[in-house]
Amino acid sequence: MKMIFELLSDPVISRIIVRALIVGAAVSLSASVLGVTMVLRRMSMIGDGLAHAGFGALAAATLCGAGDLKTEVSIPIVMATALLLMWLSESGALGGDAAVAVISTGMMTAGVLIFSFTTGYTADMCSSLFGSASILTITDRDLWLSLLLAAAVAAFFLLFYAKIFSVTFDDVFSFASGINVWAYKLAVAALVAVTVVVGMKMIGSLMISALVVFPALTAMRLCRSFAGVLAVSGTVSVLGFLVGFAVSCVLSLPVGASVVAVDLVIFAVVCAISALRTAHKKRLARNAAV
Amino acid sequence: MALIECRGVTLGYGGDVAVRGVDMTVSKGDYLFIIGENGSGKSTLVKGLLGLISPLSGTIRYGDGLTRRGIGYLPQKTEVQRDFPASVREVVTSGCVSSGFHPFYTRADRERAHAAMMRLHIHDIEKKSYRELSGGQQQRVLLARALCATRTLLLLDEPATGLDPEAASELYATVGSLNRDDGVTVIMVSHDMDALSSEAGHVLYIGRDKTFFGTRQEYISSPYFRGKAGE
């Protein structure tokens with residue numbers, strides 16, 4: 001413990017840690033808020049597919065020699081994949097979820113092949129899949145990208161809150177009211193695409209979709225209103241990240257897996273509590289009936 | 001001028017025709033009952049009236065101050081809504097959204113939502129979660145949302161699906177009273193012959209290859225009543 005405090009007092013190390021904390025919190029917040037609409041609209045698998053596509057996109061960017069700019073190059077590729085996935089799942093071509101499976105495994109395969117042809121199975125590939133083992137690799141550019149992403153997500157939800165609710169709850173009614181439903185669905189998918197790419201470096205592409213799904217599911221069990229679910233999902237996600245990050249530092253575990261494990265524990269606890277509460281209510285009702 | 005006027009409307013997807021040659025008019029204060037068996041193309045006609053799909057041939061015209069966007073629509077229930085965490089108030093108020101740019105609901109929107117909840121007697125459960133309500137209550141909430149979207153015309157697509165008979169007849173009574181007492185024009189779509197209430201002034205029957213439009217009396221004495229034409 002003492003060693004950790006000594007490390008934290010080092011200005012260089014504390015700067016690295018603060019940078020990682022900001023990137024992680026921004027990504028967690030964006031993923032969890034977008035996750036609420038994704039989960040409710042039954043689009044969780046699209047989020048997962050995009051996360052896998054992110055790995056392929058990163059490999060392609062490396063192949064193109066994007067170097068330090070590979071995150072920026074990956075973003076449009078994943079966004080294009082988001083568009084394709086949305087179109088395939090809405091049009092029913094290839095049968096909805098099968099389309100997601102085809103694209104996500106296809107992009108993963110492309111990624112693995114590209115990596116083995118170019119750099120080989122390196123630390124680079126490992127960190128894209130499982131998240132970085134060390135937070136040293138997070139750059140200032142990652143910091144700015146993640147802040148930009150969080151600002152974009154916040155602005156989207158604040159400016160279009162009423163319409164986002166309407167489209168999420170009932171897209172046919174919204175369409176009939178003259179709302180451009182497609183534009184909203186695409187905006188959500190595009191923002192998820194950016195979240196996936198920005199968050200992949202720290203969390204890893206195999207686990208980043210957990211940040212989209214778990215906090216939203218936890219919040220749905222705790223809250224009765226849409227506004228409440230959004231607020232709780234964001235809070236739970238950022239808290240989960242902070243705890244997971246601390247755990248990973250103390251036990252020297254990978255950040256991504258630690259954060260997802262904490263999210264999973266929170267979800268399990270909330271599920272258990274709500275199951276107990278339901279059972280208790282049933283028992284009370286039965287006793288009242290007798 | 002009528003609110004809605006359909007002349008020779010044929011609708012379908014791609015090359016497949018679902019409804020052929022619909023002629024009908026809906027005027028202010030009418031109660032139109034659209035009846036037809038499952039798969040007869042009722043839902044396609046609803047999509048056409050809402051402008052979600054364009055007719056393959058024929059014309060649908062809106063008049064008397066009604067626009068396509070001014071229709072208060074009560075869609076069939078979806079899988080998404082079954083476990084959706086939203087308060088009654090949130091759902092009803094969402095009926096006020098329009099295509100313009102308004103980040104938040106205005107005071108007028110909130111007042112309109114409140115009035116709709118009062119009218120349908122759900123104001124005392126406005127803080128409850130939609131997913132915890134009974135089927136009948138959920139339909140009341142969606143009806144209130146539709147009232148927020150319109151003052152003129154309600155279009156209800158199989159609203160009694162999944163309701164027990166008591167809740168269904170209560171819903172029909174509410175819709176009838178909105179038509180009678182509040183002057184709201186109603187288009188009710190159903191496959192349930194028994195639901196043809198005395199409130200309905202006109203009937204549009206959609207058969208496999210023939211449609212019939214007339215007053216309730218004309219329909220009852222026509223060969224299409226209770227599927228007699230097919231026997």
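Modeller: Let's fix one term before we start: buried means under 20% relative accessible area, exposed means over 50%, and partly exposed lies in between, with a 1.4 Å probe and protein chains only. This is a predicted model, where local features need pLDDT of at least 70, side-chain atom pairs count only at pLDDT 80 or more, and totals for chains, interfaces and linings use all residues. Residues are numbered from 1 along each chain as its sequence is written, chains are lettered from A and ligands numbered from 1 in the order in which they are written, and side-chain values use heavy atoms, leaving out hydrogens and water.

Biologist: Fine. What makes A:Phe245 buried?

Modeller: A:Phe245 has a relative accessible area of 4%, and the limit is under 20%, so A:Phe245 counts as buried. A:Phe241 is buried too, at 0%.

Biologist: Why is the pair of A:Phe156 and A:Phe160 called tilted?

Modeller: Rings of Phe, Tyr and Trp (its six-membered ring) pair if their centres lie within 6.5 Å; planes under 30 degrees apart are stacked, over 60 edge-to-face, and the rest tilted. Here the centres are 5.9 Å apart and the planes stand at 50°, so tilted it is. A:Phe241 and A:Phe245 get that label as well, with centres 5.6 Å apart and planes at 40°.

Biologist: Why is A:Phe160 partly exposed, and A:Phe156 buried?

Modeller: A:Phe160 comes out at 24% relative accessibility, so it counts as partly exposed. A:Phe156 has 10%, so it is buried.

Biologist: How do you know that B:Arg145 sits over the ring of A:Phe173?

Modeller: The rule wants NZ of Lys or CZ of Arg within 6 Å of the ring centre and within 35 degrees of the ring normal. The charged end of B:Arg145 is 3.7 Å from the centre of the A:Phe173 ring and is listed as sitting over it.

Biologist: Back to A:Phe241 and A:Phe245. Which helix holds them, and what does it cross?

Modeller: They are four residues apart in helix H12 of chain A, so about one helical turn separates them. Helices (H or I, at least four residues) are DSSP runs numbered from the N terminus. The axes of H12 (residues 226-250) and H2 (residues 11-40), both of chain A, come within 8 Å and cross at roughly 145°. Axes are lines fitted to C-alpha atoms over the stretch in contact, and angles run from 0 to 180 degrees between N-to-C directions.

Methods: Helix = DSSP H or I, 4+ residues; strand = E, 2+ residues; numbered from the N terminus.
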